[in-house]
Amino acid sequence: MLINALSVEGIGRFAGVARVDGFGAGVNVLAAGNEVGKSTLFKAIRACLFLRHDSKTQELRDLGSDDSQLPATVELDFDHEGRRYVIRKSFLRSPFAVLTEDGREIARAGEADKAIWDILGMAPGSGRSIDDGAFGLLWVGQGASFSAPVPGSGASSLLNSAIESEVGALVGGERARLAIDEITGEIRRNMTDSERGPRSDGPLARARERLEHWRKAEADGLAKVGALEKQFAELAQHRRRHREVTDPVAAAHMTEGLTDARNKLREAQAAHQEIRSLEAETSAARRALEGAAQRLRQLREIAERVDRNRSLEADLNGSLPGILAQEEEARASLARTVEASAATEGEAKELTVREQHLGRLAAAVLRASRKDELIRRLDVLERAAGSLRAIDAQLSQFRVDPETAARLDDLDRQLASLDAQLSAAAATLAIEVGPAGAGQVRAGSLGVDGNHVTAVLAPTKITIGDIATITVTPALHPRHEARKRLDADRSALLAASGVDDAAEAHAILTRRRDLDHDRRGVLAELKSLEASDDPTRAGAAVRSELAEVQAAIDVVLAATARAALPGQAEIDSERLGHEQRRASLEARREKLAAARQEHQRAVEAAVVRRADVSTRLEFVRKSIAEDLVLCPDADRAARDAALVAEVAACETMLQTKAATLAAVRQAAPDAAEIDRRELRCSRLEKALENHNAELMSLERDIGRLTGQIQAAGGDGIGEAYAAAQEQRKIAQRECARIEERIATLQLLRDTVGDCLAEGRERYYEPVRRHLRPYLNDLFPGAELELGDGFAITGMKRTRSESFRRLSGGTQEQIAVLVRLAMGTLLAERGGNVPVVLDDALVYCDDERINMMFDALSRAGRHQQVIVLTCRSHSFAPLGGNKLRVQMDDEFH
């Protein structure tokens with residue numbers, strides 16, 4: 001099978017028509033970004049080939065476009081076994097299907113579905129999906145490349161057929177495997193996949209369930225018989241207890257004891273309540289005493305604090321004038337230091353100005369030294385400008401260039417060649433002039449004396465004095481027109497160049513070359529002066545620079561109030577004096593800065609001391625005012641006496657309350673006695689409650705047991721127990737029979753499996769042989785270990801490694817290589833199915849991915865390989881046919 005083209009409409013994100021052309025044999029690559037629809041196209045191919053056109057599965061509903069009102073349409077063009085097929089299907093809305101073979105329609109609707117399955121080797125109506133055949137093995141969807149290939153029954157059958165066609169049937173080959181599958185199938189109908197227990201819906205499980213059911217029924221019958229006997233004994237016991245509980249003497253004695261206990265508890269509780277009232281009154285008297293004592297303490301503390309703060313206020317007022325005097329003295333010292341610093345800064349600024357003037361004078365001296373050089377350079381530039389103007393003036397008069405001279409030479413050669421040809425074919429004009437005719441005969445513009453012989457190439461007039469004019473016209477020749485055109489071209493070119501012939505043009509061209517050489521010499525001289533090709537502009541720049549130098553010198557002289565520039569020795573002497581003066585000023589500045597910092601710290605310390613004294617004085621005065629509000633001096637003695645009297649009265653009240661409380665406590669029962677009385681009442685109440693509850697419970701139980709015994713008597717419990725015993729024995733024999741058959745089948749399967757395993761290495765050799773070239777591309781010398789059903793169990797390199805312990809990227813690469821090898825094996829046996837990889841090789845490094853590209857190219861020799869990827873840059877080295885999704889606006 002070879003896919004040629006794919007077209008979709010109303011599929012996924014492709015609401016309009018989208019088409020993929022350019023499929024070919026070998027490797028085909030569709031590289032596009034995420035959400036472009038590559039996986040959607042892959043699903044569309046699967047749906048077109050393997051789903052009925054009228055199917056309504058969730059897979060198809062998911063495939064359709066959300067915003068499209070058109071059917072989901074897929075058209076696939078492919079070659080198979082030398083014929084070209086086109087299958088077109090529409091799903092969901094207005095479903096239909098059409099299949100053509102070599103341009104001829106062969107089936108429609110449901111017949112088209114069956115026909116495409118027949119073409120691809122899938123029996124119609126078998127219910128097999130794509131995952132059951134070679135397509136499921138070689139078409140790898142997005143994310144499926146990480147899983148090792150596990151061929152389904154259809155794919156396994158194809159592989160086994162291909163292998164047996166090469167190595168023959170070994171120990172029964174496929175027949176032995178089918179026998180094992182049939183035996184295993186029967187075992188699986190009874191046992192789980194691990195064979196550790198029975199299958200929940202199998203015959204063994206049902207037999208065990210029946211056995212367990214009748215065992216339970218037998219146990220239930222036995223339990224019911226025992227329960228009936230137990231109920232008779234329990235009923236007799238309840239009736240005896242009922243007679244004991246209903247004795248009237250015991251009930252009256254229990255009631256009288258409870259009444260006496262309740263009376264004694266009420267007396268104790270009344271006494272306890274009186275004690276609590278007296279305790280509250282005593283606590284109130286104690287709190288009143290504590291409050292009066294606290295107010296007396298607070299009053300006396302306020303009086304002491306006022307006296308103490310007044311003494312502190314007097315001390316602070318006495319120290320404040322001395323602190324202010326120290327602050328003023330520190331500020332005066334700081335002001336003197338600041339004035340001295342300002343004077344020093346003024347001298348430093350004046351010295352800076354002098355240093356700047358001296359620097360400008362030094363720069364002006366340097367500029368003055370360049371004036372001679374600039375004047376010499378200006379003279380050279382002016383001479384070069386005059387030479388260039390003279391040369392350019394001469395060159396502007398020349399209209400001959402090398403191309404014109406070459407064209408003239410070519411025209412002269414062509415004319416000479418034509419003249420030679422015409423002369424060879426033209427008539428000859430011969431004139432003999434006698435002595436009498438000397439000076440009388442002219443041939444054209446030439447005078448003829450004696451003999452004159454020439455070829456007649458153009459009409460020629462022969463004039464014989466005043467006697468006659470003879471015109472000789474040559475016969476018409478095809479080359480005459482060509483010569484006229486060449487002669488006209490030559491005349492026009494000479495006129496345009498301002499010369500008479502080619503020799504003059506070459507002379508002018510030689511003069512032009514000499515002038516060009518002289519011009520290049522002048523330009524080279526200008527380049528050595530670092531001037532541009534325009535010496536006039538360069539001279540103007542030099543003159544401007546000379547003017548700038550002179551202007552800068554004049555500005556410096558004016559700024560420094562000097563008539564002429566000083567010499568370098570004078571500048572150096574003045575600079576040394578400035579440096580010494582600068583050092584002296586810097587030393588004085590540092591001393592003044594240190595003194596200023598010291599005076600500043602003295603001022604700050606004096607300010608801090610003054611602020612501290614002022615703050616403390618303010619705080620003391622505020623505290624005195626607040627305390628006088630609470631306790632004025634005039635009320636102090638009276639309030640003190642009143643509080644002393646209040647404290648004495650509270651002490652008397654507290655003593656009275658405490659004596660009364662002690663007397664009541666001595667007469668009343670203590671807490672332990674009250675607790676005992678409460679416990680006795682609770683105990684007697686609970687006993688009476690339990691007595692009544694037990695009586696009610698006994699009456700209910702007696703009624704219940706009586707009813708149960710009467711009901712059980714009519715249920716036939718003994719007969720049911722005997723029947724359950726018989727059914728249990730029958731189920732036990734059936735379960736033993738099934739278990740014995742399963743054991744026999746397992747033994748038979750293991751025996752056949754051991755025989756089949758002996759030939760497995762040779763049986764899998766074709767797979768290994770096809771796999772070895774692919775595997776050696778990535779893992780030289782490695783061998784894969786295959787298990788039952790072509791499962792990958794490990795890889796042997798320097799040592800054997802479990803497949804599951806390999807990295808995810810290596811597992812993916814091996815899984816893809818095994819699929820390629822199986823595809824090559826099937827392709828060689830006629831099962832040529834395209835290999836489709838959707839976003840595979842995710843975790844390949846740069847080296848491995850290039851090796852995988854080699855493997856894909858190797859597979860492309862045997863069958864079509866289609867790679868869908870979102871990594872355009874990484875897959876560019878793969879090569880192959882580049883595919884592109886074309887929308888309807890691109891190909892209409």
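**Notebook: salt bridges, a helix, the cores and a strand pair**

I began with Arg407 and Asp410, which form a salt bridge whose closest N and O atoms are 3.5 Å apart. I was working on a predicted model throughout, and I read every value below with that in mind. The two residues lie three places apart in helix α10 (residues 402–425), so about one helical turn separates them. I recalled that an α-helix has 3.6 residues a turn, so residues three or four places apart point the same way. Looking up accessibility, I found Arg407 partly exposed, with a relative accessible area of 37%, and Asp410 also partly exposed, at 25%.

I then searched the whole structure for such pairs and obtained 35 salt bridges. Among them I picked out the one in which the side chains of Glu347 and Arg581 meet, at 2.5 Å from N to O. This pair links distant parts of the chain, since Glu347 sits in helix α8 (residues 248–368) and Arg581 in helix α14 (residues 568–630), 234 residues apart. Which other residue did I find in a salt bridge with Glu347? It was Arg588, with the closest N and O atoms 3.4 Å apart. Here too distant parts of the chain are linked, for Arg588 belongs to helix α14 and Glu347 to helix α8, with their positions 241 residues apart. I noted that Glu347 is partly exposed at a relative accessible area of 27%, that Arg581 counts as partly exposed at 36%, and that Arg588 is partly exposed at 31%. I also recorded a network of salt bridges that links Arg83, Glu101, Asp102 and Arg104.

Next I turned to helix α1, residues 38–50, which has 13 residues and spans 19 Å from its first C-alpha to its last, close to the 18 Å expected at 1.5 Å a residue. Is this helix enclosed or open, and how many of its 13 residues are buried? I counted ten of the 13 as buried, so α1 is largely enclosed by the rest of the structure. The buried residues include Lys38, Leu41, Phe42, Ile45 and Phe50. I looked more carefully at Ser39, which is found in this helix and is buried, with a relative accessible area of 14%, under the 20% cut-off. Leaving aside neighbours within four places in sequence, I found Ser39 in contact with Gln142 and Asp838.

Leu49, another buried residue of α1, took me to the nonpolar cores. The largest of these holds 85 residues, and within it Leu49 and Leu76 touch the most other members. Not counting residues up to four places away in sequence, Leu49 touches Met1, Leu76, Phe78, Ile87, Lys89, Ile116, Trp117, Leu120 and Trp139. I noted as well a second, separate core of twelve residues, which includes Leu374, Ala538, Leu546 and Ile553.

Last, I examined strand β15 (residues 783–786), along which the side chains alternate. Leu784 and Leu786 point to one face and are buried, whereas Glu783 and Glu785 point to the other face and are not buried. I found β15 paired with strand β16 (residues 792–796) in the antiparallel sense, over four bridges. Which residue of β16 is the bridge partner of Glu785? I looked it up and entered Gly794.

Conventions. Residues are numbered from 1 along each chain as its sequence is written. This is a predicted model: local features need pLDDT of at least 70, side-chain atom pairs count only at pLDDT 80 or more; totals for chains, interfaces and linings use all residues. Side-chain values use heavy atoms; hydrogens and water are left out. Buried means under 20% relative accessible area, exposed over 50%, partly exposed in between (1.4 Å probe, protein chains only). Two strands pair if DSSP finds at least two bridges between them. A nonpolar core is a set of buried Ala, Val, Leu, Ile, Met, Phe, Trp, Tyr and Cys residues joined through side-chain atoms within 4.5 Å. Contact means heavy atoms within 4.5 Å. The expected span of a helix is 1.5 Å times one less than its number of residues. A salt bridge is a side-chain nitrogen of Lys or Arg within 4 Å of a carboxyl oxygen of Asp or Glu.
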